[in-house]
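Ready for a few warm-up exercises? Take a look at what follows, try each task yourself, and then compare with the worked solution.

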Amino acid sequence: MKTNLLLITILLNFSISVFSQSGLGVNEKTNLLEYWTEFDPKKKEYREPKKILAGYISQNTTLYSRDTYLLEGTVYVINNAVLTIEQGTVIRGDEKTNGTLVITKGAKIIAEGTESFPIVFTTNKDSYSRKPGDWGGIVIMGDAPVNNFGGIGILNFDLDPSYNRYGGSNKEASSGVLKYVRVEYAGRKINSKKEFNGITFAGVGSGTKIENVQVSYSNDDSFEFYGGNVKLKNLVSYRASDDDFDFTQGVQVEINNSLAIRNPYSSDLENSRCFEINSNDDVEKFDPLRDKTSINASNMVLVNTEDNNQGLIKEALFVSNDSKLNFSNSVVFGFKDFLMLKDFSILEDFDQHVKIKDLVIGHCDNPLSSLKPKDLLTLDINYLFTKNNIVLSDGKIEDYFMNSNLHENPDFRYLKIERNKINYVNK
């Protein structure tokens, strides 16, 4: 049991139902991760590519599962064209030319795999030499709102200047479909301060279907969102080098039934987190009259597989003071800090910006931390957690989930906890 937590014996008549309610964590009748996910992509054998994708795709195009494709250089889908990808298709990003797929504003991608035949974007390296950052990744731009001055953003990814803009006024815009898709070993470094992500969403509207998508071994963030209005379901981030989910530029998000599974030996030294939430990273471009970033997250599972909280991975959630987070019905395990607050005045800002409810926080050193630590002295954490049905507990990872072994059909649905396995604590 953590020595820096104030331990309080839970009364025997305290109902165990709070720990085993079906609404906590990934809320599915069957294992979300079966069939379509892959947690050992280094050993996965893929066919050699026979066809090349390069340059600009300016008319409707279909990629077929009978072929394997090499993504060579930066490939742009332009001119409102639609790129359709058959279920089971494999696209391999070229390491030498930094293969990258860019869906420009007005264009669409229809990548609709199935549970049995997911669409896979991966490296073209052999199984012995694959590593994070082998290729660029996927970039999708739309015309939903962003909170820069003028409502327009420019992606600083060394893209063609004719096709690097995003943002507009269409909250319901559609950039297509990503469903049953895997992205592996993306995130090539552009320069000393910038890398591609697994998937970058910029100004993407709520008409875009984004569900059952796994990003693994990204050399930067798994999923990054610059503005837009998005609805996300059944996303899986695995062993990201930086953040699992990075939100900025006023993005409005509904995300549920999703997982972030972290490993300390995949994380960089830049304060890697599951959620990083800012309203705008560039104060000179930030228009305070536009929407601030707002995240509504439910039925999440955030897991750090680090054995003893050595501190290689910091907080699960990081929220800046001009953003909003509603986080509920979720299970968080194994972090130094559950929630880190940036530049908050706890008395004035916390209730307005952060709402947390119906949570189990397991094996975390600190429930709340702040870059203004004196502010935490004004917050009655025990009252806050009790009022909002938040339970602190300490045990082994296998006590929390149906199967936490990533090598044996993992299943991160929340396990009904037996009292003799878990130390229940309160702050």
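**Exercise 1. Is Cys364 buried or exposed?**

Keep in mind that this is a predicted model.

Step 1: Look up the relative accessible area of Cys364, which is 6%. Step 2: Compare that with the cut-off, where buried means under 20%. So Cys364 is buried.

**Exercise 2. Work out how many disulfides the structure holds, and what Cys274 has to do with the count.**

Step 1: Find the cysteine sulfur closest to that of Cys274; it belongs to Cys364, 9.6 Å away. Step 2: Set this against the cut-off for a disulfide, sulfur atoms within 2.5 Å. The gap between Cys274 and Cys364 is too far, so there's no bond here. Step 3: Check from the other end: Cys364 has the sulfur of Cys274 as its nearest cysteine sulfur, and Cys364 is in no disulfide. The count for the structure is 0. As for its surroundings, Cys274 has 0% relative accessibility, so it counts as buried.

**Exercise 3. Find which strands pair with strand 10, and say why strand 10 is largely enclosed.**

Step 1: Start with strand 7 (residues 90–93), which pairs with strand 10 in the parallel sense over 4 bridges. One pair to pick out is Arg92 with its bridge partner Thr122 in strand 10. Step 2: Move on to strand 14 (residues 176–184), which runs parallel to strand 10 and is joined to it by 3 bridges. Here Phe121 has Val183 as its bridge partner. Step 3: Count the buried residues in strand 10 (residues 119–123): 5 of the 5 are buried, so the rest of the structure largely encloses this strand.

**Exercise 4. Trace the open sheet of 11 strands and name its edge strands.**

Step 1: Follow the order 2-5-8-11-17-19-21-23-25-27-29, with parallel pairing. Step 2: Look at the ends: strand 2 (56–57) and strand 29 (366–370) each pair on one side only, which makes them the edge strands. Step 3: Zoom in on strand 23 (residues 275–277) and strand 25 (residues 315–320), which pair over 3 bridges. Glu276 has Phe318 in strand 25 as its bridge partner.

**Exercise 5. Describe the largest nonpolar core and the place of Phe327 in it.**

Step 1: Note that this core has 98 residues, and that Phe327 is among those with the most contacts inside it, along with Phe121 and Phe275. Strand 24 (residues 294–304) gives the largest share, 6 residues. Step 2: List some contacts of Phe327 beyond four places in sequence, including Phe275, Leu302, Phe338 and Ile356. Step 3: Spot the second, separate core of 13 residues, with Phe157 and Tyr166 among them.

Notes. Residues numbered from 1 in each chain as written. Predicted model: local features only at pLDDT ≥ 70, side-chain atom pairs only at ≥ 80, totals over all residues. Heavy atoms only, no water. Buried < 20%, exposed > 50% of the residue type's maximum accessible area, 1.4 Å probe, protein only. Helix = DSSP H or I, 4+ residues; strand = E, 2+ residues; numbered from the N terminus. Pairing = 2+ DSSP bridges. Core = buried A, V, L, I, M, F, W, Y, C linked by side-chain atoms within 4.5 Å. Contact = heavy atoms within 4.5 Å.
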